[in-house]
Amino acid sequence: MRFRALAAAALATGLTLFATGTAQAAVTISHGHVDALDIDWTGSALTLDIRDHTVSPAVDRDPSTVTLEAVSASKTTVPASSAYSFLGSPGSPVWILPQSQASGILWPGFSTEGVPTGVLQGNSVTAKLISVTGPADFSTYTTNAFGTPTVWFDSGNGLPDSRAVAVNTHSHANWAFEAAGTYTLVFEVTATTSAGTAVSTGQKSYTLTVQP
């Protein structure tokens, strides 16, 4: 009887895990490639998670289970050019997770490779930075071959900020933090289906720690 009771309990537990899924363990990622905003289409909904390429095979992680870390090696200074004034005063410290991959530093990207062409109006989504809490401002920007920046998101001049991102693409930008400490970034991705239905991933909170 005891064996049957144990077997029944084990079966019930297995069925519960099968139905609800297992919780992901919390992880800290401090180097290598991640798609920080990994946007997918399930056939009826948009989803937003972190695609972790630092493990093989790559896995999707709920942002609530991940801490992204900017290590001390990402610390640099604000360029003298006035085009970079959104980062602060020239020569002041800034921590940058770079647009181009650098050894030992986290390389966060944006991916809509999981959204096929034709399912959304304009074949694009709108990525929104809703809010930032932390010790200083946060921004995301790209630089061209001449070093000229194009700002995507900047908490220093008010939020929310929005940016259209084409579907079925992958890109990288510079993620800049103006002081060491812990930041919480809230992102949301929205779109309209080809049938005219508004869809949203809902707001997702990201935790990032910046080392001195």
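Two strands are taken to pair if DSSP finds at least two bridges between them. With that in mind, colleagues, I begin with one pairing in this predicted model. Strand β2, residues 32–41, and strand β8, residues 106–114, pair in the parallel sense over 7 bridges. To place yourselves on the structure, look for Val-34, whose bridge partner in β8 is Pro-108.

This pairing belongs to an open sheet. In what order do the strands of this mixed sheet run? The order is β4-β3-β2-β8-β13, which makes 5 strands, and the pairing is mixed. The edges are held by β4, residues 59–61, and β13, residues 170–172; each has a single partner strand, so one side of each is left without a neighbour in the sheet. From one strand to the next, the twist averages 30°.

Let me turn to the other open sheet on my list. Here, too, 5 strands take part, in the order β6-β7-β14-β10-β11, and the pairing is antiparallel. At its edges stand β6, residues 75–77, and β11, residues 149–154; because each has a single partner strand, one side of each is left without a neighbour in the sheet. With direction ignored, neighbouring strands of this sheet are turned by 35° against each other on average.

Within this sheet, strand β10, residues 138–143, pairs with β11 in the antiparallel sense over 5 bridges. One position to find there is Ser-139, whose bridge partner in β11 is Asp-154. Moving past β11, we come to Gly-158, which lies in the loop between β11 and β12, the latter being residues 161–166. Is Gly-158 buried or partly exposed? Gly-158 counts as partly exposed, because its relative accessibility is 35%. Gly-158 is also 26 residues from Val-132 in sequence, while the two C-alpha atoms are 9.9 Å apart in space.

Two further pairings both involve strand β17, residues 204–210. Strand β5, residues 66–70, runs parallel to β17, and 4 bridges join them. Leu-68 has Leu-208 as its bridge partner in β17. Strand β15, residues 181–192, runs antiparallel to β17, and 7 bridges join these two. In that pairing Thr-182 stands opposite Thr-209.

Leu-68 leads us on to the packing. The largest nonpolar core has 41 residues, and Leu-68 is among the members that touch the most others, together with Leu-37, Leu-46, Trp-175, Phe-177, Leu-185 and Phe-187. A second core, separate from this one, has 8 residues, including Tyr-84, Phe-86, Ile-96 and Ala-176. As general background, nonpolar side chains in soluble globular proteins tend to be buried together.

I close with the charged pairs. How many salt bridges are there? The count comes to 2. One joins Asp-60 to Arg-51, with the closest N and O atoms 3.0 Å apart. Asp-60 is partly exposed, because its relative accessibility is 32%; Arg-51, at 28%, is also partly exposed. The other brings together the side chains of Arg-61 and Asp-52, at 2.9 Å from N to O. In this second pair, both Arg-61 and Asp-52 are buried. In general terms, side chains of opposite charge can pair when their charged atoms come close.

Thank you; I am glad to take questions.

Technical notes. Residues numbered from 1 in each chain as written. Predicted model: local features only at pLDDT ≥ 70, side-chain atom pairs only at ≥ 80, totals over all residues. Heavy atoms only, no water. Core = buried A, V, L, I, M, F, W, Y, C linked by side-chain atoms within 4.5 Å. Buried < 20%, exposed > 50% of the residue type's maximum accessible area, 1.4 Å probe, protein only. Salt bridge = Lys/Arg side-chain N within 4 Å of Asp/Glu carboxyl O. Axes fitted to C-alpha atoms, helices over the stretch in contact; angles between N-to-C directions.
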